[in-house]
Amino acid sequence: YMGITALMSSLAAQLKHIVPERNRSLTGDAAAPRYDSFLFSSRDASDIHVRALHHLGSTGLAALELLDPRFTQFHKSLLSTASIGFDRALAIPDVLASLDESLALMLRLLSPFFLQAPCHKAHVLC
């Protein structure tokens, strides 16, 4: 019985940390930080559906694969259909570490192609 209480307390503490962050980002609360991205202003980005961003990233990645086949590996790690609903705030540390590793590798591979349009489309993944 005591173990369940400790588990519930731990879960409550985790939710207390996650829920306010998630609610601010979902509701567009003024207190939530807003950032411009490489492609979109924060206002424009808030109007773009995640599936549209996924499609944009996919088309950019497909074009980059024609230039360098090493980009193929990112379909599984960054562009799977599961990535559409992915929320970093809810991910466990091991998953975040793997994701960060994939993103770092992708950014290194993108650097020689930075001035090309497909790179800009694939950049939405980062």
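Here are some questions and answers on the fold, core, surface and salt bridges of this predicted model.

Q: How many helices and strands does the secondary structure of the protein chain come to?
A: Let's start by walking along the chain. From the N terminus on, the elements run α-α-α-α-α-α. The secondary structure therefore comes to six helices and zero strands, counting DSSP runs of at least four residues for a helix and at least two for a strand.

Q: What share of the contacts with a separation of 6 or more comes from residues 24 or more positions apart?
A: The protein chain has 126 residues, and 23% of them count as buried. Among its contacts with a separation of 6 or more, the share from residues 24 or more positions apart is 58%.

Q: Which element gives the largest share of the largest nonpolar core?
A: This core has 13 residues, and those with the most contacts inside it include L61, F71 and M106. Two elements, helix 3 (50–67) and helix 5 (93–110), give two or more residues to the core. The largest share is five residues, and they come from helix 5.

Q: What distance separates the end C-alpha atoms of helix 3, and what span should its 18 residues have?
A: The expected span is 1.5 Å times one less than the number of residues. For the 18 residues of helix 3 this gives 26 Å, so the expected span agrees with the distance between the end C-alpha atoms, which is also 26 Å.

Q: Is H54 buried, partly exposed or exposed?
A: H54 lies in helix 3, where G57, S58, G60, L61 and L64 are among the buried residues. Leaving aside its neighbours within four places in sequence, H54 is in contact with L79, S80, S83 and I84. Its relative accessible area is 16%, and because the cut-off is under 20%, H54 counts as buried.

Q: Which residues form a nonpolar patch on the surface with about 410 Å² of accessible area together?
A: The accessible surface of the protein chain comes to about 8,900 Å², with 62% belonging to carbon and sulfur atoms. One member of the patch is found in the loop between helix 1 (2–27) and helix 2 (42–46), namely L39. L39 has a relative accessible area of 33%, so this residue is partly exposed. The patch is made of F38, L39, F114 and L115.

Q: Which residue forms a salt bridge with R70, and is that partner buried or exposed?
A: Side chains of opposite charge can pair when their charged atoms come close. For R70, which is partly exposed at 48% relative accessibility, the closest N and O atoms of the pair are 2.7 Å apart. The partner has 8% relative accessibility, so it counts as buried. That partner is D68.

Q: How many residues apart in sequence are the parts that R88 and D100 tie together?
A: The count comes to two salt bridges, and one of them joins the side chains of R88 and D100, at 2.8 Å from N to O. R88 is in the loop between helix 4 (74–77) and helix 5, while D100 is in helix 5, so the pair ties together parts whose separation in sequence is 12 residues.

Q: At what relative accessibility does D100 count as partly exposed?
A: Both ends of this salt bridge can be placed by their relative accessible area, since partly exposed lies between 20% and 50%. R88 is partly exposed, with a value of 38%. D100 counts as partly exposed too, at 37%.

Definitions and conventions:
Residues numbered from 1 in each chain as written. Predicted model: local features only at pLDDT ≥ 70, side-chain atom pairs only at ≥ 80, totals over all residues. Heavy atoms only, no water. Core = buried A, V, L, I, M, F, W, Y, C linked by side-chain atoms within 4.5 Å. Buried < 20%, exposed > 50% of the residue type's maximum accessible area, 1.4 Å probe, protein only. Patch = residues over 30% accessible without salt bridge, like charges linked within 9 Å, V, L, I, M, F, W, Y side chains within 5 Å. Areas by Shrake-Rupley, 256 points an atom, 1.4 Å probe, with all protein chains shown as cover. Salt bridge = Lys/Arg side-chain N within 4 Å of Asp/Glu carboxyl O. Contact = heavy atoms within 4.5 Å.
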